[in-house]
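The following exercises are to be worked through with the sequence and the structure in view. Each task is followed by a solution in steps.

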Amino acid sequence: MPTHTAAHVNSPWTLAIRAAADHGHPRRAIALYLSSLAAHRPCPFALAAVLKSVSRLPAHIAATAAASLHAHLLRLGLLMHPYPHAALAHLYSRDPVAARSLLDETPPTGAQAPHSLLVSRNSLIASLLRSGDLPAARALFDHMPVRDVVSWNSMVAGLAKAGRLDSAIQLFQQMPERNAASWNAVLCGLIAHGHLARAREMFEQMPVRSNVSWITMISGYAKAGDVHAAAALFERMENKNDLYAWNAMISCYAQNGCAREAIQVFNRMLKPHVCVLPNEKTFSSVISACSQLGDLRFGLWVQTFMGSVGIELDDHLRTALLDLYTKTGRIDSAFDLFRGLRTRDVVSYSAMIVGCGMNGKLNEAISLFKEMSNANIRPNAVTFVGLLSAYKHAGLMEEAHACFASMSSKYKIRPSMEHYTIMVDLLGRSGKLDEAFQLIMQMPMQPHASVWGALLLACELHNNAELGEVVASKCFELAPGDSGYYILLGNIYAQANKWDKVKRLRKTMTERGLSLAASSGLSEGLEGVFQRSRLGSGGSVQKASANKNQSATGAGTRLKCPSFGWISSWNASTSLAPHGGRASLAIWHMCAGIVLERFNVAGTSWRSSIPGNLADLGEHPDDEVVHVVL
DNA sequence: TTAGGGTTAG
């Protein structure tokens, strides 16, 4: 039975809710909050924690959850309470219009109000900066009666990220107080705009460094491809009990082609003295590493391991797995994963097209490309790697040429080394050695040894020793330590019976130290409008359904509830007695998939599941209409 | 007790 005592700041319930919120379990936080209502009145501090955790949900869920919790606060009379107010302002911070109207129309009240306003304004600054409205953010910042270190940090970070490094540094120098985040804001801006050396200089001089500083530097080196610098910093980090740090390092290796090292770091992370559990981001990188190694067995073990840790497959993980499956020849399993994606984007389409290209599925690759074009998803360089390799596998010269040409003319994508390599390979294999050679000479970038290598292979295939010699010399120049190119040239000489040249080549190899070993029930036709006053007779209900239960969800459809206001996320269900008796309607006010409150129609009044004096919402006039789509 | 900074897939 509810005791109706108000939970205070540090009541066990509030602590439990906050713990769930802080550990990234928003749904658990909401569920705990609802459980707390059985014993306590709604607690503003607990609600603040719930609001905070909801901001970690995906944007589309967070938006409806914010509206639901807003309605909830409004009805509880807790909207003006400074804590939930600031938390709601934060939650709305993805949407500057909503945040501003909350601040202007329902400002917080009470002794804590000035502080709460400061926090809410900080959220609004962050929101404006995120939406790219630098002038509005700056105006708000300049007119704030009180500023704290967070206000300054947000502004400095916003300027730095927008590339206005001079202004950012100028503001940074004016700061009355700095903390690690202030330094990190500038550090992050320097790195984002390619000033890695300057960032490092600053990093070494920083008076305070947080883990964020280290991780920012490590990921900066990772993106620049400097694996050694990143690893050296990671080893220097004293406090390695930080998931972000491990993820940054594993991803650094995985993204720079050091798959073995990525898995080694992952293994280190699992050691008992490291008190960090891998999350989906960790596994995305680990699966990517497995895929690079073509190690399906380890990949499958990782998948099982993920299940045992309780990690569900999100789209990122599915895409990583899909890639692993295509690279290990399980194209059908890959298609299953692809079809199961919540949303398909350029990354998942490209992964699938590359997979089809590799597995000789030209028609599938082309139809995927059409499908993504129809969905208005713009292809990128990787998409064309997939398409071109599909044409290459099918030996379709003309089509490949047209596709290659369309990259720059139609899609404004500059072909990379990889695209050129595929074209050279295709031309070479079909015997057009001179054309392939010309294409390499026309490349806008310095050709890598592998491009020449593709042509060298074609020279072997078509017994062209003369060109082979020229091409091989390019390979030796660009990759002096790679014995493979010597062996290829040796084969070319042998085919042409040039045994003295073979002998000389072997001698050169020895001299150079190279070895030979080298549900919802929503459906059309079931739409109906439930008029509350007619519910008793069940007229509309019968129209909507014959004799079975129906349910509907209302994400995006706003539902007007009597004595309540608008709810933007709800579930409704009707049940009819099989013999056509009484009909009843219940509406669940949903928040992130969890029932926040339930309303039942009982006679002519709506009852809410919220305990205490808020339970009975009273009668409502007959002209109230609840629109429910079933 | 609210706010800011870092990590994922082709």
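**Exercise 1.** Determine which parts of DNA strand B, sugar or phosphate or bases, supply its atoms within 4 Å of the protein.

*Solution.* In this predicted model, sugar or phosphate accounts for 46% of the atoms of DNA strand B within 4 Å of the protein, and bases account for the rest.

**Exercise 2.** Describe the protein surface near DNA strand B and identify polar side-chain atoms that approach the strand.

*Solution.*
Step 1. The strand is surrounded by 45 residues, of which Arg18, Val150, Ala181, Gln255 and Asn380 are the closest.
Step 2. By class, the residues of this surface comprise twelve nonpolar, 22 polar and eleven charged.
Step 3. Turn to the bases: a polar side-chain atom of Asn380 is 2.4 Å from a base nitrogen of DNA strand B, and an N or O atom in the side chain of Ser284 is 3.2 Å from a base oxygen.
Step 4. Turn to the phosphates: a phosphate oxygen of the strand lies 3.3 Å from a polar side-chain atom of His90.

**Exercise 3.** Locate the annotated repeats and characterise the spans 242-276 and 345-379.

*Solution.*
Step 1. An unreviewed UniProt entry places the feature "repeat: PPR" at residues 148-182, 210-240, 242-276 and 345-379.
Step 2. Residues 242-276 are 69% helix and 0% strand, with end C-alpha atoms 7 Å apart.
Step 3. For residues 345-379, the figures are 74% helix and 0% strand, and the end C-alpha atoms lie 10 Å apart.

**Exercise 4.** Which residues of helix H12 are buried, and why do they lie on the same side of the helix?

*Solution.*
Step 1. Helix H12 spans residues 196-205, and its buried residues are Leu196, Ala199, Met202 and Phe203.
Step 2. These residues are on the same side of H12 because they cover an arc of only 120° around the axis.
Step 3. Ala197, Glu201 and Gln205, on the other side of H12, are exposed.
Step 4. The packing partners of the buried residues are helix H11 (180-192), helix H13 (211-224) and helix H14 (227-236).

**Exercise 5.** Asn463 and Asn497 each have a positive phi. Where do Asn463 and Asn497 lie, and are they buried or exposed?

*Solution.*
Step 1. Phi is near 50° in Asn463, a residue in the loop between helix H27 (449-461) and helix H28 (465-478).
Step 2. Asn463 has a relative accessible area of 53% and is exposed.
Step 3. Phi of Asn497 is near 60°; Asn497 belongs to the loop between helix H29 (483-495) and helix H30 (499-511).
Step 4. With a relative accessible area of 56%, Asn497 is exposed.

Key. Residues are numbered from 1 along each chain as its sequence is written. Chains are lettered from A and ligands numbered from 1 in the order in which they are written. This is a predicted model: local features need pLDDT of at least 70, side-chain atom pairs count only at pLDDT 80 or more; totals for chains, interfaces and linings use all residues. Side-chain values use heavy atoms; hydrogens and water are left out. Buried means under 20% relative accessible area, exposed over 50%, partly exposed in between (1.4 Å probe, protein chains only). Helices (H or I, at least four residues) and strands (E, at least two) are DSSP runs, numbered from the N terminus. The arc is that of the directions from the helix axis to the C-beta atoms. Contact means heavy atoms within 4.5 Å. A residue is near a molecule or strand if one of its heavy atoms lies within 4 Å of it. A polar contact is a pair of N or O atoms within 3.5 Å; within protein, one must be able to donate a hydrogen and the other to accept it, and residues adjacent in sequence count only if both atoms are side-chain atoms. Ala, Val, Leu, Ile, Met, Phe, Trp, Tyr, Cys and Pro count as nonpolar, Asp, Glu, Lys and Arg as charged, and the others, Gly among them, as polar. UniProt positions are given in the numbering used here, feature names are shortened, and annotations may be inferred rather than shown by experiment.
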